[in-house]
Protein chains: 2
Amino acid sequence: MLEKTTRMNFLYDFYQSLLTPKQRNYMALYYLDDYSLGEIAEEYGISRQAVYDNIKRTEAMLEEYEEKLSLFKKFQMRTELFQQLKNAISSDNHSKEQLLELVEQLERLE
Amino acid sequence: MLEKTTRMNFLYDFYQSLLTPKQRNYMALYYLDDYSLGEIAEEYGISRQAVYDNIKRTEAMLEEYEEKLSLFKKFQMRTELFQQLKNAISSDNHSKEQLLELVEQLERLE
């Protein structure tokens, strides 16, 4: 569950601009502010089931966007390469060729 | 017009997965294969106006996605920073600090 929460937080971060205001509100309360379904239902004066259905649909949409655009996956791959690049720069025995190869790996992710 | 074609080619590249198959077909013929509206209309047995309307709507959708996700804008900014980083690595008087600063600028674009 924690892993899913982390993933949904990232996907929300990348794709929230593609959601409707209502979808954004429910997702932010549930995933960022840790409200329960019952609390969100009370806040908006709708049924717990309606909140649940909306959040499930939004989660599926976020996964569908990720399937199509891979922004989170590419972010993770770039993060790993940025770390390797910083480690290589900081080490005392790196070569220019090694650094350029890492930059080119990053460019190929575009 | 050439500038617009280049921009549409990039936006199409970034967001084509979010379009319908029909939208993708028309855009690819018009922007990538340089078909005229009349040729596309003939190919699909529909009016030239219908092709025109579909392409205009798709262009607006691509601009809307770019407005929301800025993938093309970020790509351009990263491309510029990658070039600076490669130049710095290749020069003989770079410092570790200068390279790390460029990598951090790249990371802040995420």
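How many salt bridges are counted between chain A and chain B? In this predicted model, the count between the two chains is six. Over all chains, the structure holds 16 salt bridges.

The relation between the copies was examined by superposition. Chain A is brought onto chain B by a rotation of 180°, with 0.0 Å of shift along the rotation axis and an RMSD of 0.0 Å. The two copies are thus related as by a two-fold rotation axis. The surfaces that meet agree with this description in their composition: 100% of the interface residues of chain A are also interface residues in chain B, so the copies meet through the same surface.

The contact draws 23 residues from chain A and 23 residues from chain B. Between the chains an area of about 2500 Å² is buried, and carbon and sulfur atoms give 69% of that area. Polar contact is present as well, with 10 residue pairs counted between chain A and chain B, both residues being at pLDDT 80 or more. On the side of chain A that touches chain B, the elements giving two or more residues are α4 (48-69), α5 and α6 (96-108) of chain A. Of that side, the largest share comes from α5(A), which gives eight residues. Sorted by class, the side of chain A that touches chain B has 13 nonpolar, three polar and seven charged residues.

One salt bridge of the interface joins the side chains of Glu110(B) and Arg78(A), with an N to O distance of 2.6 Å. The pair crosses between chains: Glu110(B) belongs to the segment after α6 (96-108) of chain B, whereas Arg78(A) belongs to helix α5 (residues 71-90) of chain A. The two partners were also assessed for accessibility. Arg78(A) has a relative accessible area of 7% and is therefore buried, the limit for this class being under 20%. Glu110(B), with a relative accessible area of 28%, is partly exposed. The bridge thus pairs a buried arginine on chain A with a partly exposed glutamate on chain B.

Salt bridges are also found within single chains. In chain B, the side chains of Glu59(B) and Lys4(B) meet in a salt bridge, at 2.9 Å from N to O. Glu59(B) lies in helix α4 (residues 48-69) of chain B and Lys4(B) in helix α1 (residues 2-15) of chain B, so this pair ties together parts that are 55 residues apart in sequence. Glu59(B) is buried, at a relative accessible area of 6%, while Lys4(B) is partly exposed, at 30%.

A further pair in chain B is contained in one helix. The side chains of Lys68(B) and Glu64(B) form a salt bridge with an N to O distance of 3.6 Å. Both residues lie in helix α4 of chain B, where they are four residues apart, or about one turn of the helix. Lys68(B) is partly exposed, with a relative accessible area of 37%, and Glu64(B) is likewise partly exposed, with a value of 45%. In chain A, salt bridges that share partners join Lys4(A), Lys56(A) and Glu59(A) into one network.

Two buried residues outside these salt-bridge pairs were considered in turn. Gln23(A) is found in helix α2 (residues 21-32) of chain A. With a relative accessible area of 12%, Gln23(A) is buried. The side chain of Gln23(A) reaches the backbone nitrogen of Thr20(A) at a distance of 2.9 Å. When residues up to four places away in sequence are not counted, Gln23(A) touches Asn54(A), Thr58(A) and Met61(A).

In chain B, Ala88(B) is found in helix α5 (residues 71-90). Ala88(B) is buried, its relative accessible area being 6%. Leaving aside residues up to four places away in sequence, Ala88(B) touches His94(B), Gln98(B), Leu99(B) and Leu102(B). For one of these contacts, that with Leu99(B), the C-alpha atoms of the two residues are separated by 7.0 Å, and the residues are 11 apart along the chain.

Notes. Residues numbered from 1 in each chain as written. Chains lettered and ligands numbered in written order. Predicted model: local features only at pLDDT ≥ 70, side-chain atom pairs only at ≥ 80, totals over all residues. Heavy atoms only, no water. Least-squares fit on C-alpha atoms with pLDDT ≥ 70 in both. Contact = heavy atoms within 4.5 Å. Buried < 20%, exposed > 50% of the residue type's maximum accessible area, 1.4 Å probe, protein only. Polar contact = N/O pair within 3.5 Å; in protein donor to acceptor, adjacent residues only side chain to side chain. Salt bridge = Lys/Arg side-chain N within 4 Å of Asp/Glu carboxyl O. Buried area = accessible area lost by both parts, 1.4 Å probe. Nonpolar A, V, L, I, M, F, W, Y, C, P; charged D, E, K, R; others polar.
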